[in-house]
Structure formats: structure tokens, C-alpha cells
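Dear colleague,

Please find below the structure that I am handing over to you. I would ask you to look through it first and then to read the notes that follow.

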Amino acid sequence: LQLKPYRTDEYVHRLYYETSRFSAFNHQWVVKAIINKSQRDPHESCERDITYQLILKSKTTTPLPMHFFVLRGPFSDIKVDTQIYKHDFADTETESPFKLLPLPDTAECNRLLAAKAINFRLIMFLASK
């Protein structure tokens, strides 16, 4: 997947990243990422982090208990630790909470933010109850 930068339409534009839609488990999904939990002036902080959320874009009639995590993808040199997250997706619960992208340090975060896009691989598991 590829996270591309976008800006909100608010008075003070906020930077966020988003993938295009992709299919998994017969549903449409999007990954959205923000920097420093969308703090008002992220350029004034010397420490940076990226948080991301998995968003279900299609309707579902049954709950989808999902485990997911990010890995280095093809054509990418992202240094990321493995941290598995879980969220139960349903018609009323289509967005996971923002989860930390486990990068080793702020320098790695800055390196990713300097790139035109962030390439990564998202691994998803449909869990049983």
C-alpha cells in the first residue's frame, strides 16, 4: 500500500496521509495516518510520531474481528517494529482507533515524512470469536 499526503479543507490546513481503497475479505478498506496526533503546530515539536487507523468503507452485516499490523513493503526501506492491533469492525464501528506506527525513533519518522509517499505492507487477519 502507499500512503499519500493530503491536506484538510479547514481554515488551518492539517496534514494527513491516506491510501486508496483496497479490497480484503470481500470488503473495501482505507488506511489513514496522522502526524503527532494532529497537534496544532507539529513543526514546533522535535519529537514526531505517526499514528494510523484502518477504516472499513463498505457495509457489513456481520461483525469483523480484525487483527492488523504494518510491515516493510516492496520498494520500501521503512524501519518498523511489529505491533499487532485488534479491532472489531461493524456497521456502527467502521474506524479503528488511531494506533502508533512503531518506528524506532523521530529520525525515522522525519525520513518517512520527507518522502513523496510512504510504502508499506498491511497484514490483516480475520479473527474468530
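Which residues have the most contacts inside the largest nonpolar core? In this predicted model, they are Trp29, Leu54, Leu122 and Met124, and the core has 28 residues. Two or more residues come from each of strand 3 (22-24), strand 4 (27-35), strand 5 (50-56), strand 6 (64-72), strand 7, helix 1 (106-114) and strand 9 (118-126). As a general background, nonpolar side chains tend to be buried together in soluble globular proteins.

Methionine 124 merits a separate look. Leaving out residues up to four places away in sequence, methionine 124 touches Phe22, Ala24, Phe25, Trp29, Leu54, Met66, His67 and Phe68. Two of these partners, Trp29 and Leu54, are themselves among the residues with the most contacts inside the core.

Leucine 54 also leads to serine 96. The side chain of serine 96 reaches the backbone nitrogen of leucine 54 at 3.0 Å. Serine 96 is placed in the loop between strand 7 (85-89) and strand 8 (99-100). Is this serine buried or exposed? With a relative accessible area of 2%, serine 96 counts as buried, because the cut-off for that class is under 20%. Apart from neighbours within four places in sequence, serine 96 is in contact with Gln53, Leu54, Phe68, His87 and Phe89.

Phe68 appears again among the aromatic residues, where Tyr52, Phe68 and Tyr85 form one aromatic cluster.

The model holds 6 aromatic pairs. One of them is formed by tyrosine 6 and tyrosine 16, which are stacked at 5.7 Å centre to centre with 25 degrees between the planes. Tyrosine 6 belongs to strand 1 (residues 2-7) and tyrosine 16 to strand 2 (residues 15-18), so the pair ties together parts that are 10 residues apart in sequence. Tyrosine 6 is partly exposed at a relative accessible area of 38%, whereas tyrosine 16 is buried at 18%.

A further stacked pair consists of phenylalanine 69 and phenylalanine 125, with 6.2 Å centre to centre and 25 degrees between the planes. Phenylalanine 69 lies in strand 6 and phenylalanine 125 in strand 9, so this pair ties together parts that are 56 residues apart in sequence. Here phenylalanine 69 is buried, with a relative accessible area of 10%, and phenylalanine 125 is partly exposed, with 45%.

Tyrosine 16 has another partner to note: the charged end of lysine 32 sits over the ring of tyrosine 16, 4.9 Å from the ring centre.

Lastly, I would draw your attention to the backbone between strand 3 and strand 4. Most residues other than glycine have a negative phi. Which values does the model give in this loop? Phenylalanine 25, which is not a glycine, has a positive phi of about 55 degrees, and phi of asparagine 26 is near 60 degrees, again a positive value in a residue other than glycine. Both phenylalanine 25 and asparagine 26 are found in the loop between strand 3 and strand 4. Phenylalanine 25 counts as partly exposed at 36% relative accessibility, while asparagine 26 counts as exposed at 81%. Phenylalanine 25 is also one of the residues touched by methionine 124, which brings this loop back to the core residue described above.

With kind regards

Key: Residues are numbered from 1 along each chain as its sequence is written. This is a predicted model: local features need pLDDT of at least 70, side-chain atom pairs count only at pLDDT 80 or more; totals for chains, interfaces and linings use all residues. Side-chain values use heavy atoms; hydrogens and water are left out. Helices (H or I, at least four residues) and strands (E, at least two) are DSSP runs, numbered from the N terminus. Buried means under 20% relative accessible area, exposed over 50%, partly exposed in between (1.4 Å probe, protein chains only). A polar contact is a pair of N or O atoms within 3.5 Å; within protein, one must be able to donate a hydrogen and the other to accept it, and residues adjacent in sequence count only if both atoms are side-chain atoms. Contact means heavy atoms within 4.5 Å. A nonpolar core is a set of buried Ala, Val, Leu, Ile, Met, Phe, Trp, Tyr and Cys residues joined through side-chain atoms within 4.5 Å. Rings of Phe, Tyr and Trp (its six-membered ring) pair if their centres lie within 6.5 Å; planes under 30 degrees apart count as stacked, over 60 as edge-to-face and the rest as tilted. A charge sits over a ring if NZ of Lys or CZ of Arg is within 6 Å of the ring centre and within 35 degrees of the ring normal.
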